[in-house]
Amino acid sequence: MKIAILSRNPKLYSTRRLVEAARERGHEVRVLDVLRCYMNITSNRPGVHYKGEDLAGFDAVIPRIGASVTFYGTAVLRQFEMMGTFPLNESVAISRSRDKLRSLQLLSRKGIGLPVTGFAHKPDDIQDLINLVGGAPLVIKLLEGTQGIGVVLAETQKAAESVIEAFMGLNANILVQEFIKEAGGADIRCFIIGDKVVAAMKRQGKEGEFRSNLHRGGSATLIRITPEERSTAIRAAKTMGLNVAGVDLLRSNHGPVVMEVNSSPGLEGIEHATGKDIADMQIAFIEKRLAEHKDGHNLTRTRGKG
Ligand code: ADP
């Protein structure tokens with residue numbers, strides 16, 4: 001096969017591992033900087049150009065599109081899809097999962113466990129918004145934040161009010177959420193390929209920190225998940241229409257709740273914590289889907305809606 005990896009930096013761990021795995025399985029692979037791709041949008045012959053070259057003949061494309069380049073990155077990916085290249089994750093599924101509100105609404109529609117969550121832009125009745133999620137302590141999130149930045153724990157009603165007011169003053173969209181105290185500063189990352197959880201790790205925030213992000217000094221260990229956690233993670237990825245996803249769960253008193261569904265889950269933390277070759281599994285998945293396609297199955301997955 002001829003595989004393209006859309007990634008801004010070939011030196012990143014995940015990108016390097018995918019290149020290695022593809023080569024080990026005997027494929028030709030190229031890393032393309034998505035912002036350097038330019039496109040020819042005509043009705044008969046859609047194309048992608050790169051440094052003066054007309055890219056053609058790729059069987060599959062692996063999108064590793066960073067949150068800050070979602071708009072342009074998904075447009076390039078869509079162009080590959082129009083050329084008949086199999087996307088490991090479809091552009092529409094990536095766009096869906098990058099919108100936190102849209103994701104939560106889709107997951108709630110499917111009855112998937114979520115923390116009680118309210119969202120708002122400029123509520124007149126802040127008290128009512130706070131009551132909606134059961135009062136303090138509660139978590140307030142800036143919608144645009146990543147890696148735990150813009151996630152605040154408000155321990156008292158007064159603190160909650162002032163943080164909400166401050167965010168309102170910034171004209172930001174905010175999310176107000178029940179604080180899952182019983183999670184104890186830990187979350188579970190389930191790595192999904194196809195309709196399986198292929199690996200899972202527990203991330204624990206450092207002492208005194210309720211956020212478990214590895215970027216914030218959290219640590220990762222191997223964990224055994226329950227059948228309920230497994231099925232929640234699989235259903236969440238399926239709802240988004242993602243073949244490959246990192247589903248983050250919290251263990252709450254009312255069962256597993258989904259925090260986030262990540263469409264470009266990193267490999268470093270999970271491969272080190274579990275010792276599994278997840279890059280290889282992704283390439284094997286692409287091989288399987290392309291072989292099925294040759295047998296007449298539909299290539300892209302169209303399960304996610306909305
Ligand atoms: P980001 O997308 O910026 O990483 P998250 O919403 O995933 O932000 O929050 C970061 C971390 O904070 C989560 O991984 C989790 O450990 C913790 N956290 C977030 N929301 C809650 C909550 N409602 N209750 C308890 N812990 C939470």
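Here are four short exercises with worked solutions on this predicted model.

**Exercise 1: Thr70**

Decide whether Thr70 is buried or exposed, and find where it sits and what it touches.

*Solution.* Start with the location: Thr70 belongs to helix 2, which covers residues 70–82. Next, look at the relative accessible area, which is 15% for Thr70. The cut-off for buried is under 20%, so Thr70 counts as buried. Finally, list its contacts: leaving aside residues up to four places away in sequence, Thr70 touches Ile65 and Arg98.

**Exercise 2: helix 4 against helix 7**

Work out how helix 4 (residues 100–109) is oriented relative to helix 7 (residues 227–240) and which residues meet.

*Solution.* Take the geometry to begin with: the two helices pack at an angle of about 120 degrees, and their axes are 10 Å apart. Angles of 65 to 115 degrees would count as roughly perpendicular and those over 145 as roughly antiparallel; helix 4 is therefore oblique to helix 7. The handedness of this crossing is right-handed. Now move to the side chains: helix 4 brings Ser103, Leu106 and Leu107, which meet Ala236, Thr239 and Met240 of helix 7. Sorted by class, this contact has 4 nonpolar and 2 polar residues, with no charged ones.

**Exercise 3: a four-stranded sheet**

Trace the order of the strands in the sheet that holds strands 8 to 11, and name its edges.

*Solution.* Begin with the order: the 4 strands run 8-11-9-10 in an open sheet with antiparallel pairing. The edges are strand 8 (117–120) and strand 10 (151–154), each of which pairs on one side only. On average, neighbouring strands are turned by 20 degrees against each other, ignoring direction. Then zoom in on one pair: strand 9 (residues 138–142) and strand 11 (residues 174–178) are antiparallel and joined by 5 bridges. One of the bridge pairs is Leu142 with Ile174 of strand 11. Last, add the helix: helix 6 (residues 157–169) packs on the sheet and touches strand 9, strand 10 and strand 11. The direction of helix 6 makes about 10 degrees with that of strand 9.

**Exercise 4: helix 1 against helix 9**

Describe the packing of helix 1 (residues 13–24) and helix 9 (residues 278–294).

*Solution.* The axes come within 8 Å and cross at roughly 55 degrees, so helix 1 is oblique to helix 9. This crossing is right-handed. Helix 1 contributes Arg17, Leu18, Ala21 and Ala22, while helix 9 contributes Ala279, Asp280, Gln282 and Ile283. By class, that gives 5 nonpolar, 1 polar and 2 charged residues.

How values were computed. Residues numbered from 1 in each chain as written. Predicted model: local features only at pLDDT ≥ 70, side-chain atom pairs only at ≥ 80, totals over all residues. Heavy atoms only, no water. Buried < 20%, exposed > 50% of the residue type's maximum accessible area, 1.4 Å probe, protein only. Contact = heavy atoms within 4.5 Å. Axes fitted to C-alpha atoms, helices over the stretch in contact; angles between N-to-C directions. Parallel < 35°, antiparallel > 145°, perpendicular 65-115°, else oblique. Left-handed = near helix turned anticlockwise from the far one by under 90°. Nonpolar A, V, L, I, M, F, W, Y, C, P; charged D, E, K, R; others polar. Pairing = 2+ DSSP bridges.
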